[in-house]
Amino acid sequence: MGAFQDRDVLTIADFSRGDIEKVLKVADEVEVGGKRRGELPLEGRILATVFFEPSTRTRLSFESAMKRLGGDVVSFGGLEGTSVAKGETLSDTIRMVEAYADAIVLRHPQEGAARLAAEFSSKPVINGGDGAGQHPTQTLLDLYTIWDELGAIDGKTIALVGDLKYGRTVHSLALALCHFDVDLYFIAPPTLQLPREIQEQIKARGRDYKTAERPEDLIKDVDVLYATRIQKERFPDAAEYAKVEGSYRVDLEMLREAKKGLIVMHPLPRLGEIAPEVDRTPHAKYFTQAHNGVRVRMALLSLIFGVVS
Ligand code: NCD
């Protein structure tokens, strides 16, 4: 049995460097569009996507990945997440869904929801985002994109920009990058810096980082500029959001100073963080990143279902 078979994917902190490299390697070998007759490794398997928060990419790419591997999907989504925000109700939901599927992808507004679900499910639970907590599968596709575009992760200078406080994608990515020899910068207004617990975890992993307030100050040095949306829905107070709304914007003017090979990434959806004219430049990799989501999730599902080891 491979190390991944039947494994829950709750936080990227559970992934060693070897685990990450394994997923990237399998993802690289996946034939996304090349499904042929007789090559349906997940035929007869069912994935449940249980989403209590909005999603476009995560849900669709998981569903596409499952179907491209010959499997099936059942879906459950109540966008008014608050009606199921109580742990007790979630555990009942999960007990029901585990009878209908062989693995569950869960997105939920409460931090820790995926871990709770995993306690109630005998089937593997994949965290598709838990509040301001973690988003491990996004991180795997982010790392795949850096590796595929730049040929390596080690040796790169990587800046995470935007809402580092509430953004779960950067919480996961920052921890994962501790496995690599990278120069890390966290760029955010002081009120949106990375939570202290995560900063401490990074230090506990023997890694260093620098902080800054404006991407302009560092743009000349970075290989990867990872922009994020300010997570309006997680602010307890609208006035606090108003203070930081639109606090930065990556545009052609800023990129004039950039390294030639700089890649601009974003988990999407973007609001004003990246000007549309950046899309036409060779720096723009956010749509590639979203496309890579299918390949990476195909790899992960193949490993969890044990058809690849
Ligand atoms: C992100 C999320 O849901 O955390 N979206 C995604 O999965 N690609 C980022 C966001 O909502 O800003």
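Q: What makes a residue one of those around the ligand, and which residues are they?
A: A residue is near a molecule if one of its heavy atoms lies within 4 Å of it. By that cut-off the residues around the ligand are R57, T58, R107, H135, Q138, R168, T169, R229, Q231, P267, L268 and P269. This is a predicted model, in which local features need pLDDT of at least 70, side-chain atom pairs count only at pLDDT 80 or more, and totals for chains, interfaces and linings use all residues. Residues are numbered from 1 along each chain as its sequence is written, and side-chain values use heavy atoms, with hydrogens and water left out.

Q: How is the shell around the ligand divided by class?
A: Ala, Val, Leu, Ile, Met, Phe, Trp, Tyr, Cys and Pro count as nonpolar, Asp, Glu, Lys and Arg as charged, and the others, Gly among them, as polar. On this basis the shell has three nonpolar, five polar and four charged residues.

Q: What makes the approach of T58 to the ligand a polar contact?
A: A polar contact is a pair of N or O atoms within 3.5 Å; within protein, one must be able to donate a hydrogen and the other to accept it, and residues adjacent in sequence count only if both atoms are side-chain atoms. A polar side-chain atom of T58 is 3.0 Å from a ligand oxygen atom, and for R229 the corresponding value is 2.9 Å. Q138 has a side-chain N or O atom 3.2 Å from a ligand nitrogen atom. The protein covers 93% of the 320 Å² of accessible area that the ligand has on its own, by the Shrake-Rupley method with a 1.4 Å probe.

Q: Why is the ligand said to lie between domain 1 and domain 2?
A: Both domain 1 (12–134 + 292–304) and domain 2 (136–290) give residues to the shell, so the ligand lies between them. The domain bounds come from an automatic or database domain assignment.

Q: Why is L268 called buried?
A: Buried means under 20% relative accessible area, exposed over 50%, and partly exposed in between (1.4 Å probe, protein chains only). L268 has 11% relative accessibility, so it counts as buried.

Q: What sets the backbone at L268 and P269 apart from the usual case?
A: Most residues other than glycine have a negative phi, and most peptide bonds are trans. Phi of L268 is near 65 degrees, a positive value, and the peptide bond joining L268 and P269 is cis, with omega about 5 degrees.

Q: How do you know that R234 and E53 form a salt bridge?
A: A salt bridge is a side-chain nitrogen of Lys or Arg within 4 Å of a carboxyl oxygen of Asp or Glu. The N to O distance for R234 and E53 is 2.9 Å, so the pair meets the definition. R234 lies in the loop between strand 8 (224–227) and helix 8 (238–244) and E53 in the loop between strand 1 (46–51) and helix 2, so the pair ties together parts that are 181 residues apart in sequence. Helices (H or I, at least four residues) and strands (E, at least two) are DSSP runs, numbered from the N terminus. Both R234 and E53 are buried.

Q: Why are R95 and D92 called partly exposed?
A: R95 has 45% relative accessibility, so it counts as partly exposed, and D92, at 48%, is partly exposed too. Their salt bridge has its closest N and O atoms 3.2 Å apart.
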